[in-house]
Amino acid sequence: MSDPVISDFELPATGNTAFKLSAQRGRNVVVYFYPKDDTPGCTLEGQEFRDLHADFAKANTTVVGVSRDSLASHEKFKAKFEFPFELLADTEEKACELFGVMKLKNMYGKQVRGVERSTFVFDAEGKLVKSWRGLKAPGHAAEVLAFVQTL
């Protein structure tokens, strides 16, 4: 599947803020989609982005995580694991649809619709320059960091 052209989107974020892609011009942006707050893979992924956060900042890169969970759930998840970046609440699946990350998955033998773990990198001009889809969490944040350090 080719990547969608994404000019802009806006979602409510933790810390009583809103995240708007176009407001990030001048910085690289990592938007990572994950299935659910406080689950093992999603926690590991968030912790890896947290642990590399200073390196992302040095690379002029903003990191945000997106799932369909509520802001209240995101605030708890962020506080529990001390994430230094914002989590975006896509409860209506607007960004999920825009990025094409909703997939049918098998869970305990049943087909369920869910978020496919995916990461997208935008350059400082706001252009989508790299994406990973259907990825595994372990080591992924380091791979993303290595890429943004080349921008």
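A cavity is, on a 1 Å grid over the protein atoms alone, a set of points where a 1.4 Å probe fits but cannot get out; a pocket is an open set with protein on both sides within 12 Å along at least five of seven lines, and lining residues have an atom within 4 Å of a point. Grid points are joined across faces, edges and corners, and a volume is the space filled by probe spheres set on the points.

The model is predicted, and local features need pLDDT of at least 70, side-chain atom pairs count only at pLDDT 80 or more, while totals for chains, interfaces and linings use all residues. Residues are numbered from 1 along each chain as its sequence is written, and side-chain values use heavy atoms, with hydrogens and water left out.

**Exercise 1. Count the cavities of 30 Å³ or more and describe the lining of the largest cavity.**

Solution.
- Step 1. The count is one cavity of 30 Å³ or more.
- Step 2. The volume of the largest cavity is about 30 Å³.
- Step 3. Its lining consists of Leu21, Gln24, Arg25, Gly26, Arg27, Val29, Phe122, Asp123, Ala124 and Gly126.
- Step 4. Residues are sorted by class: Ala, Val, Leu, Ile, Met, Phe, Trp, Tyr, Cys and Pro count as nonpolar, Asp, Glu, Lys and Arg as charged, and the others, Gly among them, as polar. The lining of the largest cavity then holds four nonpolar, three polar and three charged residues.

**Exercise 2. Characterise the largest pocket by volume, lining and contributing elements.**

Solution.
- Step 1. The largest pocket encloses about 410 Å³ of space.
- Step 2. Its lining has 18 residues, and those nearest its centre are Pro35, Lys105, Met107, Val115 and Arg117.
- Step 3. Two or more lining residues come from each of β6 (102–107) and β7 (110–115). Elements are DSSP runs numbered from the N terminus: helices (H or I, at least four residues) and strands (E, at least two).
- Step 4. β7 supplies the largest share of this lining, four residues.
- Step 5. By class, the lining of the largest pocket has seven nonpolar, three polar and eight charged residues.

**Exercise 3. Carry out the corresponding analysis for the second largest pocket.**

Solution.
- Step 1. The volume of the second largest pocket is about 160 Å³.
- Step 2. This pocket is lined by 15 residues, with Phe19, Gln24, Thr62, Val64 and Glu86 closest to its centre.
- Step 3. The elements giving two or more residues to the lining are β2 (17–20), β4 (61–67) and β5 (86–89). The most comes from β2, with four residues.
- Step 4. The lining of the second largest pocket comprises nine nonpolar, four polar and two charged residues.

**Exercise 4. Establish the burial and the strand pairing of β3.**

Solution.
- Step 1. Burial is judged by relative accessible area: buried is under 20%, exposed over 50%, and partly exposed in between (1.4 Å probe, protein chains only). In strand β3 (residues 28–33), six of six residues are buried.
- Step 2. Asn28, Val30 and Tyr32 point one way from β3, and Val29, Val31 and Phe33 point the other way; all are buried.
- Step 3. Two strands pair if DSSP finds at least two bridges between them. β3 and β4 run parallel and are joined by six bridges, whereas β3 and strand β8 (residues 118–122) run antiparallel and are joined by five.
- Step 4. Tyr32 illustrates both pairings: Gly65 stands opposite in β4, and Thr119 is the bridge partner of Tyr32 in β8.

**Exercise 5. Determine how many disulfides the structure holds, and explain the state of Cys96.**

Solution.
- Step 1. A disulfide is a pair of cysteine sulfur atoms within 2.5 Å; the structure holds zero.
- Step 2. Cys42 is in no disulfide, and its nearest cysteine sulfur is that of Cys96, 12 Å away.
- Step 3. Cys96 is unbonded because its sulfur is 12 Å from the closest cysteine sulfur, in Cys42, which is too far for a bond.
- Step 4. Cys42 is buried, with a relative accessible area of 2%, and Cys96 is buried at 0%.

**Exercise 6. Is Lys78 buried or exposed, and with which residues is Lys78 in contact?**

Solution.
- Step 1. Lys78 lies in helix α3 (residues 71–81).
- Step 2. Lys78 counts as buried because its relative accessibility is 16%.
- Step 3. Contact means heavy atoms within 4.5 Å. With neighbours within four places in sequence left aside, Lys78 is in contact with Thr14, Phe83, Phe85, Glu86 and Leu87.
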